[in-house]
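The report below covers an interface between two chains and a set of charged side-chain pairs. Terms are given with their cut-offs where they come up.

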Protein chains: 2
Amino acid sequence: MTKVKVYVTYKESILDPQGQAVTAAVHKMGYNSVEDIRIGKYFEITLTDSDASAEQTVAEIAEKLLANPNMESYRVEVVG
Amino acid sequence: MTKVKVYVTYKESILDPQGQAVTAAVHKMGYNSVEDIRIGKYFEITLTDSDASAEQTVAEIAEKLLANPNMESYRVEVVG
């Protein structure tokens with residue numbers, strides 16, 4: 001069994017309204033040292049593949065399904 | 001400036017219908033080596049604090065706002 005993590009975040013140039021809303025809420029709570037919050041999706045994927053092929057499989061899945069290539073970028077991390 | 005990452009995921013005992021839906025979709029695409037997918041939220045928080053106090057601040061924010069203590073658990077990682 002192999003566990004692979006995928007992080008999907010908005011590209012830098014893309015506005016993150018949800019992140020801005022949470023930043024405003026956090027400031028209202030008094031945490032003014034917070035400058036910026038960006039929110040993304042996080043996937044923990046368990047596969048029967050070995051490490052090498054698991055990374056390849058998950059990169060394909062991220063490219064086709066998990067991340068919107070126009071607005072989002074993704075990062076794959078094999079945990080083992 | 002300090003960057004801190006927060007990972008919020010469902011507790012193991014909690015059903016993850018979204019994760020199950022993505023698993024089914026991935027199987028339809030032919031990736032049958034995928035056993036399980038769990039989906040969570042991922043926050044990148046930038047603060048003006050130093051590392052030590054930034055971690056403390058973010059843990060408080062995660063406890064109060066980012067994670068639902070009944071269903072979710074969170075992990076804080078200071079990136080620096």
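## Salt bridges and the chain interface

Glu77(B) has a relative accessible area of 29% and so counts as partly exposed, where buried means under 20% relative accessible area, exposed over 50%, and partly exposed in between (1.4 Å probe, protein chains only). The model is predicted, so local features need pLDDT of at least 70 and side-chain atom pairs count only at pLDDT 80 or more, while totals for chains, interfaces and linings use all residues. Residues are numbered from 1 along each chain as its sequence is written, chains are lettered from A and ligands numbered from 1 in the order in which they are written, and side-chain values use heavy atoms, with hydrogens and water left out.

The side chain of Glu77(B) meets that of Arg75(B) in a salt bridge, at 3.6 Å from N to O. The rule for a salt bridge asks for a side-chain nitrogen of Lys or Arg within 4 Å of a carboxyl oxygen of Asp or Glu. Arg75(B), at 35% relative accessibility, is also partly exposed. Over all chains the structure holds six salt bridges, and three of them are listed here, including the pair just described.

| Salt bridge | N to O distance | Relative accessibility |
|---|---|---|
| Glu72(A) and Lys41(A) | 3.5 Å | Glu72(A) 14%, Lys41(A) 32% |
| Lys3(B) and Glu44(B) | 3.6 Å | Lys3(B) 31%, Glu44(B) 14% |
| Glu77(B) and Arg75(B) | 3.6 Å | Glu77(B) 29%, Arg75(B) 35% |

Helices (H or I, at least four residues) and strands (E, at least two) are DSSP runs, numbered from the N terminus. The salt bridge between Glu72(A) and Lys41(A) joins strand E3 (residues 72-78) of chain A to strand E2 of chain A, so it ties together parts that are 31 residues apart in sequence. Glu72(A) is buried, whereas Lys41(A) is partly exposed. In chain B, Lys3(B) forms a salt bridge with Glu44(B). This pair links strand E1 (residues 2-10) of chain B with strand E2 of chain B, 41 residues apart. Here Glu44(B) is the buried partner and Lys3(B) is partly exposed.

Which salt bridges does the rule find across the interface of chain A and chain B? It finds zero. There are, however, 16 residue pairs in polar contact between the chains, both residues at pLDDT 80 or more. A polar contact is a pair of N or O atoms within 3.5 Å; within protein, one must be able to donate a hydrogen and the other to accept it, and residues adjacent in sequence count only if both atoms are side-chain atoms.

On the side of chain A that touches chain B, strand E1 (2-10), helix H1 (17-28), strand E2 (34-47) and helix H2 (51-66) each supply at least two residues. E2(A) gives the most, with 14 residues.

E2(A) pairs with strand E2 (residues 34-47) of chain B in the antiparallel sense over 13 bridges; strands pair if DSSP finds at least two bridges between them. Within this pairing, Ile37(A) has Ile45(B) as its bridge partner.

In total, 33 residues of chain A are in contact (heavy atoms within 4.5 Å) with 33 residues of chain B. The two chains bury about 2900 Å² between them, 64% of it on carbon and sulfur atoms. Buried area is the accessible area (1.4 Å probe) that two parts lose on being put together, summed over both. In chain A, Tyr31(A), Ser33(A) and Tyr42(A) lose the most area to chain B, together 20% of what that side buries.
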